Amino acid sequence: MIQYNEPFIIMTRAELDTIIQQAAKAAALETLKHIQATTAHIRPLAVTQAEAARMLKKSRPTIGNMVKAGTFRLNKLGQIPIEQIDNALKAN
């Protein structure tokens, strides 16, 4: 006769798959939270005009007009250097 010192659980393969999926999802969410927490301080060197609009709470066309007027100067990649965004935020 087989003796077990510890209690054991009997489950179906579908139940086991569900538990594994839930554990994997929880682990992935924890990893994402860790990544977000450790990289929150990293800032880009430049942003697109759409990103600048979001950061400055202005419309994308307004940012385009500001580029045309010379308020913002684009870098060689067509992006706005983050220093210009910082200066605009300080000015407001």
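Which residues form a nonpolar patch on the surface? Ile 9, Met 11, Leu 16, Ile 19 and Ile 20 do, and the views below start with them. This is a predicted model, in which local features need pLDDT of at least 70 and side-chain atom pairs count only at pLDDT 80 or more, while totals for chains, interfaces and linings use all residues. Residues are numbered from 1 along each chain as its sequence is written, and side-chain values use heavy atoms, with hydrogens and water left out.

**View 1. A nonpolar patch on the surface, with Ile 20 as one of its members.** Together, Ile 9, Met 11, Leu 16, Ile 19 and Ile 20 offer about 460 Å² of accessible area (Shrake-Rupley method, 1.4 Å probe, only the protein chains shown counting as cover). To join a patch, a residue needs over 30% relative accessible area and no salt bridge; nonpolar side chains (Val, Leu, Ile, Met, Phe, Trp, Tyr) are linked within 5 Å, like charges within 9 Å. Ile 20 sits in helix 1, residues 13–39. Helices here are DSSP runs of H or I with at least four residues, strands are runs of E with at least two, and both are numbered from the N terminus. Ile 20 is partly exposed because its relative accessibility is 48% (buried is under 20%, exposed over 50%, partly exposed in between, with a 1.4 Å probe and protein chains only).

**View 2. Two salt bridges along helix 1.** Side chains of opposite charge can pair when their charged atoms come close. A salt bridge here puts a side-chain nitrogen of Lys or Arg within 4 Å of a carboxyl oxygen of Asp or Glu, and the count comes to three. Arg 13 pairs with Asp 17, with 3.2 Å between the closest N and O atoms. These two are four residues apart in helix 1, so about one helical turn separates them. Arg 13 is exposed at 61% relative accessibility, whereas Asp 17 is partly exposed at 29%. Further on, Glu 30 bridges to Lys 33, the closest N and O atoms being 3.8 Å apart. That pair is three residues apart, again about one turn of the helix, and Lys 33 is exposed with a relative accessible area of 52%.

**View 3. A salt bridge from helix 4 to a loop.** Asp 86 meets Arg 43, and their closest N and O atoms are 2.7 Å apart. Asp 86 belongs to helix 4 and Arg 43 to the loop between helix 1 and strand 1, so the pair ties together parts 43 residues apart in sequence. Both ends are partly exposed: Asp 86 at 22% relative accessibility and Arg 43 at 47%.

**View 4. The two sides of helix 4, residues 82–91.** Ile 82, Gln 84, Ile 85 and Ala 88 are the buried residues. They line one face of the helix, because down its axis they fall within an arc of 155 degrees (taken from the directions from the helix axis to the C-beta atoms). These buried residues pack against strand 1 (46–47), helix 2 (49–56) and strand 2, where contact means heavy atoms within 4.5 Å. On the other side, Lys 90 and Ala 91 are exposed.

**View 5. Lys 76 in its loop.** Lys 76 lies between helix 3 (60–69) and strand 2 and is exposed, with a relative accessible area of 89%. From Lys 76 to Ala 91 is 15 residues in sequence and 25 Å in space, C-alpha to C-alpha.
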